[in-house]
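This report looks at one helix and its surroundings, then at a single lysine, and closes with the confidence of the model.

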Amino acid sequence: MESFPHGRIQLPRNMIENSMFEEEPDVVDLAKEPCLHPLEPDEVEYEPRSSRLLVRGLGEHEMDEDEEDYESSAKLLGMSFMNRSAGLRNNAAGYRQNSDGSCSMPSTRTMVVCAVVLVIAISVIMVIYLLPKCTFTKEGCRRKNRTMELIYPIATNGKIFPWAKIRLPSNVVPLHYELVLQPNLTTTEFAGFVQITVKVIQVTRNIVLHSSRLNITKATLTSAGGRRAKPVEILEYPMHDQIAVVAPDKLSVGQNYTLTIDYSSNLSDTYYGFYRVFYKDEQAQKRWFAATQFEPLAARSAFPCFDEPAFKATFLIKIQRDEQHSTLSNMPKKVTIPVTAGIVQDEFSVSLKMSTYLVAFIVSDLKNVSREMNRTLVSIYAMQQKLDQVEYALDATVKFLEFYQKYFHIDYPLQKLDLVAVPDFQAGAMENWGLITFRETTLFYDDKTSSVMDKKLVTAVIAHELAHQWFGNLVTMEWWNDLWLNEGFATFMEYYAMEKTFPELHTDEEFLKLRFKTMMKDSLNVSHPVSSAVQSSEQIEEMFDTLSYIKGASLLMMLKNYMKNYPFQAGLQDYLYSHSYGSTRSDDLWDSMNMITNGTLDVKKMMKTWILQKGFPLVTVKREGKRLSVQQERFLRSVESENWTSDASSLWHIPLSYTTSNCSSFLCPYAYLLDQKSAVIELQEEVKWVKFNVDMDGYYIVHYAEDGWTILIDLLKREPTALSAKDRAQLINNIFSLMGVGKVSLLKAFQLIDYLEKENHPAPITEALFQLNLIYNLVEKRGMHSLTARVVKRIKTLLQSKIDQQTWTDDGTLSERQFQSTLLTFACSHGLGNCTTTATKLFTEWKHSNGTQSLPTAVMKTVFTIGAKTADGWDFLLDMYASSISEAEKRKILEALASTEDVRKLIWLMQTSLEGDAISTQELPHIITTVSQSLSGHLLAWDFVKENWEKLIWKFHLGSYTIQNIVTMSTFQFSTEAHLHEVKAFFESKSEETSQLRCVKEAIETIELNIQWMMRNLAKLEQLL
């Protein structure tokens, strides 16, 4: 690896060095252009003026048979426009210019002609107005069976493109694809040939499908049973990634046709589509690798296709390759035949019916280990030198496959299941049917270097992707607005399967933390419903967020707990059986659940209140004797006014759960469905306290009015174990959330966490550290060192005894070791006790052994982070990063390198990762996130994002989860008006699509909330500490 160039890194020009903590930077780069706000995609489909043509009176899908050819219509419109233009010129000629430059009055003849023309025009308008059944509107007179005027775009060859919508028409559907590809990994070019068997549903001459950056050289169409292929015209409209195949004759309804297309293209240099990356083998030689990532919209960049989830078909895939490579695809390899000297063709079995985004193929020279499980061959593919790190993944895959088949009562339908570690991969993994692709860190586990968190990560990702083989692959959402049916289900099953299969991992605590973080996002005004209307590619990409994944999973868990396990499982089984190999909407799931509840619970009515409106409820509880008054409203972190108010129109059907001081384990928790704004619950007896949302199983937070919080605070101080660890963590989360909107005082929140001295469970302590760290980060980034020291002192008072109990070994349960890592990381970060001394000693011994001495995995990252604080230590870690073959170790080293206070090293790290040679570009988002968290790095990270924005959105795609994360993480700690204006100005200076990204709006709203929090609470915090 190229060594770090000491002294040669130039600081970014926009970095604020001497005044980085001032309220107002000296210079604010304001945008020159205002932000544009387009209509919602459901209201209108916008086309650039240069690429559209107005054609009046056309039907929604096709022109009527008695209409003229659309090209002729265009010519007529063009002539009409020219005639109008000529008329204007002629009218202008009616005025004569005198020699002195002044204009004389027009002649009498000219005025008479103009008057006659005016009378005729008025007469025509009156006749049109008085026609029967015609309304004189801007739309004109509508004919029967005609829609409002449509805007038909212009194809690349200047002709009218016969389809104006982003989504494809349904008049032709695909049945089968035969795809032949020949990629050249050296030149990055590939040639393709596809035969698509389609069925005609409605009479048409046009077959509209997707194609993106493909050079189409030949296209023919053959009818079923026809012997002669007829050439067809291809019209291209790149803005929608669409092509139209114009047949020579009308296509008959019910008839099958075969569309054959020859084309060529280049392997992508992004992480999208059919792309090429490299890795280094055991001899450090560069080797090329081609893989696919088609979800959501990239299959069209590898072959012409109907690239929407609902257009399912079967696939026969053939790949021509060099003899030294091997190939993989969704189905087992059927035969290999020679093509030319050194080139062979692999043919795979015909696939099951599936969506285009699940098609996958890989060209590489990977090795594998395999195991047979119930007639399914499970294989893990990886580079030869890393193959010994896949054994745990193979074991976990077999266990999850067995669990899911039993739980769903549906066998995994393919003969093989391949899990492939891709050396350079943007996503964590991708669920391609039968060929799941992974980032190496999510598939490799090494006993010597992998921590408990590493093990949880590998286990969780495998569980998630295997769940997709049923939810997403077997049954697929119809359109991307219901992405949660795929991702929410897979996330829910991921944690449920781990709880049942690997209980020692305690992954329910990880799910709890993710729910807390998701609710922070969902409480923003910019949040969106789980099921949201989407059209554009950016909108579709943005659906891949924590709301689709974690909120979707949380709602399913809440429903399961309310319905109970068996009815919920039966509902899922009915859903999968009824819609196998098909596409669904959310209502299809609720209908299956209602089949099971059989009228005892209207699941559809209940769950629509959760998926069709954004946000979540705040339930306020007042206790008066045996009466519990409960009231719901939307919980919204608002910057509108000092006095917090909720959206009065929001109403959820909330399955409340609660426990009391007198509750026996046999009866608890109690349940109550709150389907109105307010209600009264009658208790059977007087109680000392009541706690709602037991174990945080519901997706809502709770405010205990009047003395409710005081009673619970006293309970925690006296008898904390009277409530479960999840309940204690939830109380901490809820009171700090309510403090943020002014419902509870800062003092009250700090009074609640005083009990932590008696706390021994990781979940509440971890949540308390998270909430306090949010406060610490805000005041630290303002340069308020005295106040940050007092925040740390307060935490130290609460947790010092726990920190002192921690050892620097891998002893204890998995949960205890993870807790150990959390506490020691905090202690070393703030120089508490002898943490830094011990970590430095361990790092020195490891360095002197040239990295061969084992370190406890639980504290390895902490040791590396302390070691990276010195120049020698940082350089040594960089060398170890280059030579290590353990992905878990490399990840920890990279985080340590990105935690240095040396700004030149931080800039070099980000720039080197962007270039992608010494450090893979897949690591760049993680590096930016790590850099942005430190005092020395948070301004650097933002400057880097600004200066490299175009490169970032080219590599990772606008709207993608990676871009969402980069935008929010590089700005979330800003809390000044100057930074607010700077962030706004930067994104407003970019494209309209960029400024309207939800993550951009989220970043701006978060900064506004940070500013508000500091204004409201800073003085109180200083007084309190």
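The buried residues of α10 are covered by elements that include α5 (484–501), α8 (546–563), α9 (565–578) and α11 (603–611); helices here are DSSP runs of H or I with at least four residues, numbered from the N terminus. This is a predicted model, in which local features need pLDDT of at least 70 and side-chain atom pairs count only at pLDDT 80 or more, while totals for chains, interfaces and linings use all residues. Residues are numbered from 1 along each chain as its sequence is written, and side-chain values use heavy atoms, with hydrogens and water left out.

Helix α10 (residues 586–597) has 12 residues and reaches 17 Å from its first C-alpha to its last, close to the 16 Å expected, where the expected span is 1.5 Å times one less than the number of residues. Among its buried residues (under 20% relative accessible area, with a 1.4 Å probe and protein chains only) are Leu-589, Trp-590 and Met-593. After the helix comes Asn-598, with a positive phi near 55°.

Lys-892, in helix α21 (residues 887–897), is buried, with a relative accessible area of 6%. Beyond four places in sequence, its contacts (heavy atoms within 4.5 Å) include Asp-454, Thr-857 and Phe-864.

The mean pLDDT, the predictor's confidence in each residue from 0 to 100, is 87, and 84% of the residues reach 70 or more. Two stretches with low values are listed below.

| Stretch | pLDDT | Contacts in the model |
|---|---|---|
| residues 13–105 | under 50 | 125 contacts beyond four places in sequence |
| residues 126–148 | below 50 | 18 contacts beyond near neighbours in sequence |

Note on methods. Helices (H or I, at least four residues) and strands (E, at least two) are DSSP runs, numbered from the N terminus. Buried means under 20% relative accessible area, exposed over 50%, partly exposed in between (1.4 Å probe, protein chains only).
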